[in-house]
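Student: I've got a structure here that I'd like to walk through with you. Can we put it up and take it piece by piece?

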Amino acid sequence: MRYVLCALLLGPMALPAQEKIPVLFDCDIGSDVDDAFALALLLASPELDVRGVTTVSGNTMDRAWMVCRFCSHTGNRAIPVAGGAEPQPKQSINNQFQYRYHPGVIFNRTSKPGKESAVQLMHDKLKADPGKITICAVGPLTNVARLLTEHPECKPWIKRIVIMGGSVRAGYKPGTKPEVEWNIKLDPKAAQVVFSSGVPLTVAPLDATSMLQIEEPLRKKLFDAHSQLTLNLQAMYQMWDQPTPTLYDPVAISLCIGDQFCTMADVFIEVDDKGMTLEKEGKANARVAVGIDKDAFLKWYVGRVSKAMPASLPKEPGNPSKLIERGKFPNRVHAFEDFETEIEKRWWLAGKGDKKNIPPGSTRSCQAMLTQDFDDRQGDMNTMYQAVVFNPVPGPPMGKNPRLSFRYFLKGTSTLRVQIYSLSKGYHRYLSLTDLPQGKWESGTVDMTQLRRPDGTGGPLSEDERIDDIQFYVDPRAELWIDDIVLYDEALKAETRPFPKRIHFTGWFDSGKQGKEWPGTFDIVEKEAPEKGKAAKSPEPKPGNTFCLIDLGVRGLRKTEASLELFCRFRLSADSSIHFTAHERGKAWDPSTMLQMKKQEAWKDLVVPLQNVKGIGFDCVTFLTINSAILQIDDVLLYEPGDAPVKNP
């Protein structure tokens, strides 16, 4: 009786713990989004012991870094990660690349992929625990086939291989004939190696996966958990930028645990050279899921992943500030972003282009997406934010009175945090705005000297301090759109010109290199004392020529229906006419404006109205001089003038 009572008191603790299932996960995360959904389920499943994650299918190291970030942010830094060695099937990483291109990854704030290849990691783990580990492969079978080919001795070490791939009795649409499935199609020879290997196989083909669309009500329930797991999954879903994911790959994860949701059949499968998985007569070589209880599986998936970790929401930001007037024509425009050209897209560190919710005069805005705070020193790393982050390459130096103007659309919050990173200081500063209007496009301007570090230290921005990464954050439950960002130095007191309606290009040359950050034909030179900084200079004319040319690329093809003005500061080595135009490179062009100018040794301001540019596309601004006159320019600004266009003196 005493032993029975003791057992009752101890309850489950007295029973032997259920042994976890060791798993190696091989995926092509970053292309479709179901790999991310599968990784989330893998990490959320207490039955599984993740011994390693490997990546396959082109750009494998980028994919490996994405896995490292996902694992690090969800408390799984210790899981080893390795990328597959080349050659690999050709498959690109699409919008989810932004998840890889993040300070957490770039500056080694996450775990790192191992130096060994995917095959080596698999081999080492299998050798250390032979006969117990399941390999779960949800991409092309390149890495797994290479493992079996290069290390045939490891076949008996593999407990089984669980595959998402193939089409046995149905295609991508329920009731349709079998067809070539994507994972098998990308590397049919690898699939032939795996299916003929003799290793026990469990297969989740299209028959049991193609109908698993996770619609908006279930997605909302999943993402409303706001845990680090669901926030990171939601971030990758947002970057995928399509409405409804199909959970192909998570079925393979569930089959690592058991087949309670699937109808299974023992089948002999042969793979042809085109990638068809053909059901043939013969001794079964695979246990295949030929059906699934869709509703039960989706309910189980959402429940399991949403409850795996506690909610993690941010605190209200500090350092309150107020919007200010934008003022007159800027003393200098350091950087701008209007999200109109594709060439600048590489510098959108958080956010995606949106052509639906746009302010008047725009064709595209930037919609916020989930990201960690870029401030890893004093920011809250245990949550995520909806954010728009733009990197004004090559990091402009500030003036005495830096200002930031932008247009914004808020939904679900009236609080907005504005933050920048100082390249000179190596830390972030921010300010917060509250009681902002919601549900409509508004314009705002902030005084950048009011930004401070989260703990109040750091002091204001100083003159010549270089900054990077202009950032806008809101609560992860809210929505935000940003457009027409202008980073500038406040107008001088004597300025009378209105602020430009729209900016198309700003060119200053104090930082960055010609060709890389400043495309076009010109040299970048140091200014002569007492002037500070650098300028663009026309190259010496070629032998036999008397004209000199500066050609500034404006970082993408632009178009306007308004008149334009060109502002710059200039020097001229000899009397000359200067021809100005904005045009499309490679096409014939006529000067928009021509001015007769005297030799100019001191730097002088110049405002030029550009004619014949309405309705045409242009990707460069050209300055042409004659008489071998060398031209230097700085502080170039191409813009649509405000209410009172300025006439050139």
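Student: Let's start with a helix. Which residues of α7 are buried?

Tutor: Keep in mind as we go that this is a predicted model. Helix α7 covers residues 142-150, and seven of its nine residues are buried, so the helix is largely enclosed by the rest of the structure. Buried here means under 20% relative accessible area. The ones that pass are Thr142, Asn143, Val144, Ala145, Arg146, Leu147 and Leu148.

Student: And what covers the buried residues of α7?

Tutor: Both strands and helices are involved. The helices include α6 (118-128) and α9 (188-195). Among the strands, the cover includes β1, β2, β4 and β5.

Student: Those strands sound like a sheet. What is the order of the strands in the open sheet of nine?

Tutor: The pairing in this sheet is mixed. Neighbouring strands are turned by 30° against each other on average, ignoring direction. Reading across, you get β3-β2-β1-β4-β5-β6-β9-β7-β8.

Student: Why is one side of β3 and of β8 left without a neighbour in the sheet?

Tutor: Look at the two ends of the order: β3 (81-83) and β8 (277-280) stand at the edges. One side of each is left free because each has a single partner strand.

Student: Let's look at the β3 end, then. Which residue of β3 stands opposite valine 53?

Tutor: Strand β2 takes in residues 48-55, and three bridges join it to β3. The two strands run parallel. Opposite valine 53 you'll find valine 81.

Student: Helix α13 lies across several of these strands. At about what angle does α13 run to β5?

Tutor: Helix α13 is residues 248-257, and it lies across β1 (21-27), β2, β4 (133-137), β5 (158-164), β6 (201-204), β7 (262-271) and β9 (286-292). Angles run from 0 to 180 degrees between N-to-C directions. For α13 against β5 the value is about 155°.

Student: On to the empty spaces. How many cavities of 30 Å³ or more turn up, and how much space lies in the largest?

Tutor: Rolling a probe the size of a water molecule over the atoms shows where empty space is left. Searching the whole structure this way gives two cavities of 30 Å³ or more. The largest of them holds about 180 Å³.

Student: Which element gives the largest share of the lining of that largest cavity?

Tutor: The lining has 21 residues, with Phe336, Glu344, Phe390, Thr506 and Arg555 nearest the centre. Elements giving two or more residues are β10 (332-337), β22 (502-507) and β26 (548-559). By class, the lining splits into 11 nonpolar, four polar and six charged residues. The largest share, four residues, comes from β10.

Student: Now the largest pocket. How many residues of its lining are charged?

Tutor: This pocket has a volume of about 940 Å³. It is lined by 36 residues, and the closest to its centre are Asn331, Arg332, Asp489, Arg569 and Asp635. Set beside 13 nonpolar and six polar residues, the charged ones number 17.

Student: Which strand gives the most to the lining of the largest pocket?

Tutor: Three strands each supply at least two residues: β10, β27 (564-572) and β32 (631-640). With four residues, the one giving the most is β32.

Student: What about the second largest pocket? Which element gives the most to its lining?

Tutor: That pocket has a volume of about 740 Å³. Among its 27 lining residues, Gln234, Tyr237, Gln238, Gln367 and Glu479 lie nearest the centre. Two or more residues each come from α11 (216-223), α12 (228-240), β12 (352-354) and β21 (479-489). The most, four residues, comes from α11.

Student: Back to β32 for a second. Which residue of β32 is the bridge partner of alanine 536?

Tutor: β25 and β32 pair in the antiparallel sense over two bridges. Strand β25 (residues 534-537) is also joined by four bridges to β24 (residues 523-526), again antiparallel. In β32, the partner of alanine 536 is isoleucine 633.

Student: Last one, zooming out. What share of the residues counts as buried?

Tutor: The protein comes to 14 helices and 32 strands, and its C-alpha atoms fill a box of roughly 105 × 65 × 45 Å. Among contacts between residues at least 6 apart in sequence, 80% join residues at least 24 apart. Of the 649 residues, the buried share is 58%.

Conventions
Residues are numbered from 1 along each chain as its sequence is written. This is a predicted model: local features need pLDDT of at least 70, side-chain atom pairs count only at pLDDT 80 or more; totals for chains, interfaces and linings use all residues. Side-chain values use heavy atoms; hydrogens and water are left out. Two strands pair if DSSP finds at least two bridges between them. Contact means heavy atoms within 4.5 Å. On a 1 Å grid over the protein atoms alone, a cavity is a set of points where a 1.4 Å probe fits but cannot get out, and a pocket is an open set with protein on both sides within 12 Å along at least five of seven lines; lining residues have an atom within 4 Å of a point. Grid points are joined across faces, edges and corners, and a volume is the space filled by probe spheres set on the points. Ala, Val, Leu, Ile, Met, Phe, Trp, Tyr, Cys and Pro count as nonpolar, Asp, Glu, Lys and Arg as charged, and the others, Gly among them, as polar. Buried means under 20% relative accessible area, exposed over 50%, partly exposed in between (1.4 Å probe, protein chains only).
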